[in-house]
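Here's a quick tour of a single chain, aimed at anyone who likes pockets and ring pairs. Have a look at the model first, then read on.

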Amino acid sequence: MAKIALAGEGGQGVQAIAQIMVNAAFNEGKNACYLPNFGLEQRGGVSLSFVQISDSEIGAPKFKISDIVIALSKRAVVRTKQYVGPDTIFIYDNTRVAESPDYAARKILGIPATDVANKELSSRVFNIIILGTVIKVTGILGVDSVKYALQESLKEKFLKNPDLKDLNFKALESGMSLVEEVL
């Protein structure tokens, strides 16, 4: 089972990442649960998303401690502290957050997702870079099922602009390679 908490500012795609992961899990025949937590992000608050993926039954939609925490802004780092435990892998965007959080986690990883998006791909695929990082760290979803779920989620956009599909797939691979470099 993987318990994942994602947090970011409104517009960073936290909810989209969660939905794609859950759809990929369903496509693999796994149990999945997605609990969005947002509202004030429309006025500048932090958007949270709780995802659980398991081969067995999931008891409750929310959890106290995450296996993986992804924080995409300085405020998201602060907001997710309560979900960090001694076995948690904490990942943050070190382009947006200068100082590494001092949390009692198993591992704290800073990845340059914003830099990679802006310099190598496009700022539009920032969240897909994060998605690649999450699937690589958890290992709970296959890349092909994530690509399929991504295609289904962005089908309309891909039909209008077929180059977006390649760009998103490159972003997914890029996010996975960021973790390979850190681990």
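## The runner-up pocket

The second largest pocket holds about 160 Å³ of space. Keep in mind that this is a predicted model. Around that space sit K74, V77, V78, V97, A98, E99, S100, P101 and Y103. Sorted by class, this lining comes out as six nonpolar, one polar and two charged residues.

## The largest pocket

For the largest pocket, the figure is about 200 Å³. Its lining is made up of A16, I20, R124, V125, N127, I128, S153, L154, K157, L164, L167 and N168. Three elements give two or more residues each: α1 (14-27), α4 (126-138) and α7 (163-182). Of the elements, α7 chips in the most, with three residues.

As for chemistry, the lining of the largest pocket has seven nonpolar, three polar and two charged residues.

## How far to trust it

The chain's mean pLDDT is 91, and 93% of its residues reach 70 or more. Among the elements, helix α5 (residues 143-153) has the highest mean, 96, while α7 has the lowest, 89. That's worth a thought if you work on the largest pocket, since α7 is the element that gives the most to its lining.

## Rings that pair up

How many aromatic pairs does a search of the whole structure find? It turns up three. One of them is F50 with Y83: the ring centres are 5.1 Å apart and the planes sit at 70°, so this pair is edge-to-face. F50 belongs to strand β3 and Y83 to the loop between α2 (74-79) and β5 (89-93), so the pair ties together parts that are 33 residues apart in sequence. Both F50 and Y83 are buried.

Another pair is F90 with Y103, where the centres are 5.2 Å apart and the planes are at 90°, so it counts as edge-to-face. This pair also links distant parts of the chain, with F90 in strand β5 and Y103 in the loop between β5 and β6 (107-111), 13 residues apart. Both of these residues, F90 and Y103, are buried. Y103 also turns up in the lining of the second largest pocket. Finally, F50, F63 and Y83 form one aromatic cluster.

## A serine in strand β3

S49 lies in strand β3 (residues 46-54). Is S49 buried or exposed? With a relative accessible area of 0%, S49 is buried. Leaving aside neighbours within four places in sequence, S49 is in contact with I4, A5, L6, V14, Q15, A18, Y34 and L35.

Key
Residues numbered from 1 in each chain as written. Predicted model: local features only at pLDDT ≥ 70, side-chain atom pairs only at ≥ 80, totals over all residues. Heavy atoms only, no water. 1 Å grid on protein atoms, 1.4 Å probe; cavity = no way out; pocket = protein on both sides within 12 Å on 5 of 7 lines; lining within 4 Å. Points joined across faces, edges and corners; volume = space filled by probe spheres on them. Helix = DSSP H or I, 4+ residues; strand = E, 2+ residues; numbered from the N terminus. Nonpolar A, V, L, I, M, F, W, Y, C, P; charged D, E, K, R; others polar. pLDDT = per-residue confidence, 0-100. Buried < 20%, exposed > 50% of the residue type's maximum accessible area, 1.4 Å probe, protein only. Contact = heavy atoms within 4.5 Å. Phe/Tyr/Trp six-rings, centres within 6.5 Å; stacked < 30°, edge-to-face > 60°.
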